[in-house]
Amino acid sequence: MPTLFEALQEKTREAVQHLYQHEVAAASIQVQLTRKEFEGELTVVVFPFVKIARNKPEAVGEAIGQYLVAHFEPVDRFNVIKGFLNLSFKDAYWARLLHHIAGDADFTVAPSTGQTIVLEYCGPNTNKPLHLGHIRNMVIGFSMAEILAAAGHDVHKVNIYNDRGIAICKSMLAWQLYGEGETPESSGIKGDHLIGKYYVRFAQEHARQVEELVAKGMDKEKAKLEAPLQQQAQEMLRQWEQGEPAVMELWRTMNGWVYAGFEETYAKLGVDFEKAYYESETYTDGRDMVYEGLEKGVFQKRDDGSVWVDLTDNDMDEKILLRSDGTSVYLTQDLGTAQARYNDYQMDRSIYVVANEQEYHFKALQATLEKLGKPFADGIYHLSYGMVDLPTGKMKSREGTTVDADDLYEEMVETAAATTQELGKTAELDADAAHALYRMIGMGALKYFLLRVNPKKRILFDPQESIDFQGDTGPFIQYTHARIRSVHRKWKAAGQPTGDFSGPLTAMERQLILHLYRYPQVVQEAAADYDPSHVANYTFALAKLYNRFYADHPILQGDNEGQQYFRVRLSALTADIISKSMKLLGIAVPEQM
RNA sequence: GGACCCGUAGCUCAACUGGAUAGAGCACUUGACUACGGAUCAAGAGGUUACAGGUUCGACUCCUGUCGGGUUCACCA
């Protein structure tokens, strides 16, 4: 069934053909929402037909308007201002739309596209805890998965653990040297934070050694490499790659602590994964793919034994794939991971939610897979998002200038609790329900804060200024939902009175219905643009519109039972769409707050 | 230096993908029902859309150049 917009485009096409004997593509006809200072709900832009018609814009608008009134049943009347044809629709038509939105189970669920998408997000290193940057990643990734699923795709969320390499060895080494057997259990420190503690410790001790060497006259860059700790870490990495049992054992133990810590954080944020990939398991596959490329002649081996791919045709440089000692680099293991993923899912699209500092890497990855002739190379998409900066600059784990994910979570929940208690509207909730509510509101504020902005843009986060709970925020939208549910409970308590209603509708009621009606379109746009902020902005606009409606439209005290029932339904539907939209953002909405 | 991204109200962001007088929130000023929840609503003030050209009936949007900010161009990941 065509949407209202499509039907209007088609009828306008018909009008142009009938009036001017000229074919235009229906899809090219511009339909927009009427600006609020003019009468009407939808506007057709007639400028493009002016040349065809060889007439003034006003005359063309007039002619098409008359045609539509005569031939497009929903249209009630129209007015023309310059090249804009503003259309008003019949009250009965709005009632029909409302019925469609409420009654059609498929309204909020797009038909299946049959397309399989694998969406990778989070992708942490296992040598330090998660911070605000990871939160932005997870919130975008989770939301994008929800949106793509709502757009009809078959979405699989996966995680990738960068669980090997020199950084992990640094944490391991520092723990070995200074840890005195400390464990998460013995210290009461969450596993990922414990590893982070030793990562920082390594950096401190290493810096001290470097200073000593520099004091003895060594060049600083050289000292960084020559420092005993650095040497020991590299030796440990070599042992790891050789599968030295003691090192492997330590590695498995410490990574185990980290994963347990991460799981806790995922649960708090309400994100999940269908499957996890580990670079320690895929990097050898990547190496095999490089050999395969050598055989095919698409990669080149140099005299020193290193292997390269020439990407100069793709406006990039030559990239190394295997070091002269035969070991893998970052790009190599991502080749292996991509292949493993394809073996598991045979996906049509593979989306990587990764910060924009890795744009070059993903271009190189895609180009390299193309050279290998991999069928999944085309479907790779890097959902690149801007970094979260602090007023002091970039977050750096080694320097302890990060905003820790768990800390931020606690702060958000505490603020939500304080605000809620101050307003005192939920005093009757028991402790568990109250705490669940604070979490819901705190996470709503945080997630909305991160999702309302286009992912591409970098975000400046000022820890001094706490995230707002008023205005364009998650709690504002949650509040709107709670408010509607409250009215609904009152209506139910009054015995759920119903009645027929034939209008007239107010301008705001029409606007509200039209806005609700646009929901599927917004979902499609967000999916096509890989941009959850479309959904966030839509939801805020809906809540705002409803609050305005609420302020001067009596619902349970309407003129008659018909009008009351109509407004109850309109309200309930608004709550429903708010709830669904927020779900796409990974945010829950409360019955009261 | 090359490539990519960003620049809109004091601050944080929009602008239906080229359409009307560029809209919201925060902050500031003023106001609101003994009606359904004041985490709300209404009103005021706030703009040379970084700058200069160009294309177009029409440009925040497209093209060219300039300036400013960010990222990247590792035998790190």
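These legends go with close-up views of a predicted model of chain A with RNA strand B.

**View 1. Who sits around RNA strand B.** Here we're looking at the 70 residues around RNA strand B, and Asp-304, Asp-317, Arg-323, Lys-425 and Asp-529 are the ones that come nearest. Sorted by character, the residues of this surface come out as 26 nonpolar, 20 polar and 24 charged. On the RNA side, sugar or phosphate accounts for 61% of the strand B atoms within 4 Å of the protein, and bases make up the rest.

**View 2. The helices and strands that supply the surface near RNA strand B.** Which element gives the largest share of this surface? That's H17, with 8 residues. H17 spans 474-493, and other elements that supply at least two residues each include helix H13 (330-345), helix H14 (359-371), helix H15 (405-423) and helix H20 (533-552). Strands get a look-in too: E2 (42-45) and E4 (84-89) each bring at least two residues to the surface near RNA strand B.

**View 3. Three polar contacts with RNA strand B, up close.** Start with Lys-82, where an N or O atom of the side chain is 3.2 Å from a phosphate oxygen of RNA strand B. Asn-86 goes for a base instead: one of its polar side-chain atoms lies 3.1 Å from a base nitrogen. Leu-556 also meets a base, but through its backbone, with an N or O atom 2.9 Å from a base oxygen.

**View 4. How chain A is carved up.** Four domains are assigned in chain A. Domain 1 covers 4-89, domain 3 covers 165-269 and domain 4 covers 405-584. Domain 2 comes in two pieces, 118-162 and 274-399.

**View 5. Where domain 1 meets domain 4.** The C-alpha centres of these two domains are 34 Å apart. Domain 1 puts 6 residues into the contact, and domain 4 puts in 5. Together they bury about 610 Å², with 62% of that area on carbon and sulfur atoms.

**View 6. The salt bridge and its surroundings.** How many salt bridges are there between domain 1 and domain 4? The count is 1. Zooming in on a salt bridge, we find the side chains of Arg-510 and Glu-41 with N to O at 3.0 Å. On the side of domain 1 that touches domain 4, the residues are 5 nonpolar, no polar and 1 charged. Polar contacts between the two domains add up to 3 residue pairs, counting those with both residues at pLDDT 80 or more.

Notes
Residues are numbered from 1 along each chain as its sequence is written. Chains are lettered from A and ligands numbered from 1 in the order in which they are written. Side-chain values use heavy atoms; hydrogens and water are left out. A residue is near a molecule or strand if one of its heavy atoms lies within 4 Å of it. A polar contact is a pair of N or O atoms within 3.5 Å; within protein, one must be able to donate a hydrogen and the other to accept it, and residues adjacent in sequence count only if both atoms are side-chain atoms. Helices (H or I, at least four residues) and strands (E, at least two) are DSSP runs, numbered from the N terminus. Ala, Val, Leu, Ile, Met, Phe, Trp, Tyr, Cys and Pro count as nonpolar, Asp, Glu, Lys and Arg as charged, and the others, Gly among them, as polar. Domain bounds come from an automatic or database domain assignment. Contact means heavy atoms within 4.5 Å. Buried area is the accessible area (1.4 Å probe) that two parts lose on being put together, summed over both. A salt bridge is a side-chain nitrogen of Lys or Arg within 4 Å of a carboxyl oxygen of Asp or Glu.
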